[in-house]
Amino acid sequence: MGRFFLPGFGAFRYNFVAPQKQRYDAQLRAMAVWDETRRPEDRRANPALLLDARGNVDVEVVRRLLRERATRRVL
């Protein structure tokens with residue numbers, strides 16, 4: 001069975017234990033690839049996917065969710 005990749009992400013690399021700056025840069029790259037590969041019909045509001053009225057990531061909702069999440073360590 002072959003690997004499945006989202007369009008544009010076949011060669012995308014991410015290091016989960018890289019320094020914070022590298023992880024942040026990868027986040028920005030991922031968002032740019034995702035934005036470049038979306039079809040016009042995908043550019044619409046979808047609250048379940050955290051997309052605003054123009055089909056862009058609803059950054060304010062993402063920030064709120066990140067503030068509200070539990071960050072307690074689980075052993």
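## Salt bridges in helix H2

Glu68 is exposed at a relative accessible area of 54%, on a scale where buried means under 20% relative accessible area, exposed over 50% and partly exposed in between (1.4 Å probe, protein chains only). Its salt-bridge partner is Arg64, with the closest N and O atoms 3.2 Å apart; a salt bridge is a side-chain nitrogen of Lys or Arg within 4 Å of a carboxyl oxygen of Asp or Glu. The model is a predicted one, in which local features need pLDDT of at least 70 and side-chain atom pairs count only at pLDDT 80 or more, while totals for chains, interfaces and linings use all residues. Residues are numbered from 1 along each chain as its sequence is written, and side-chain values use heavy atoms, with hydrogens and water left out.

Helix H2 contains both Glu68 and Arg64, four residues apart, or about one turn of the helix. A further salt bridge joins Arg63 to Glu60, the closest N and O atoms being 3.3 Å apart. These two residues are separated by about one helical turn because they stand three residues apart in helix H2, which covers residues 59–68. Arg63 is partly exposed at 47%, whereas Glu60 is exposed at 52%.

## A salt-bridge network

In total, the structure holds five salt bridges. Arg64, in helix H2, is partly exposed at 34% relative accessibility. Elsewhere, Asp35, Arg38 and Arg43 are joined into one network by salt bridges that share partners.

Within this network, the side chains of Asp35 and Arg43 meet at 3.3 Å, N to O. Asp35 counts as partly exposed at 32% relative accessibility, and Arg43 likewise counts as partly exposed, at 35%. Arg38 has a further contact: this residue lies over the face of Trp34, at 4.1 Å from the ring centre. The criterion for such a contact is NZ of Lys or CZ of Arg within 6 Å of the ring centre and within 35 degrees of the ring normal.

## Aromatic pairs

Rings of Phe, Tyr and Trp (its six-membered ring) pair if their centres lie within 6.5 Å; planes under 30 degrees apart count as stacked, over 60 as edge-to-face and the rest as tilted. Two aromatic pairs satisfy this rule. Phe9 and Phe12 form an edge-to-face pair, at 5.5 Å centre to centre and 65° between the planes. Phe9 is buried at 17% relative accessible area, whereas Phe12 is partly exposed at 22%.

Tyr14 and Phe16 also form an edge-to-face pair, with 4.7 Å between centres and 80° between planes. Tyr14 is partly exposed at 36% and Phe16 is exposed at 68%.

## Nonpolar surface patch

Tyr14 and Phe16 join Val17 in a nonpolar surface patch with about 390 Å² of accessible area together. Patches are made of residues with over 30% relative accessible area and no salt bridge, nonpolar side chains (Val, Leu, Ile, Met, Phe, Trp, Tyr) being joined within 5 Å and like charges within 9 Å. Areas come from the Shrake-Rupley method with a 1.4 Å probe. Val17 is exposed at 73% and is placed in the segment before helix H1 (20–37).

Asp25 is found in helix H1 and is partly exposed at 29%. Its C-alpha atom is separated by 9.9 Å from that of Tyr14, 11 residues apart along the chain.

## Overall form

The chain has two helices and zero strands, assigned as DSSP runs numbered from the N terminus (helices H or I, at least four residues; strands E, at least two). Of its 75 residues, 9% count as buried. The radius of gyration is 15 Å, against a value near 11 Å for a compact globule of 75 residues; the radius is taken over C-alpha atoms, and the globule rule is 2.2 Å times the number of residues to the power 0.38. Along the principal axes, the C-alpha atoms fill a box of roughly 40 × 35 × 30 Å.
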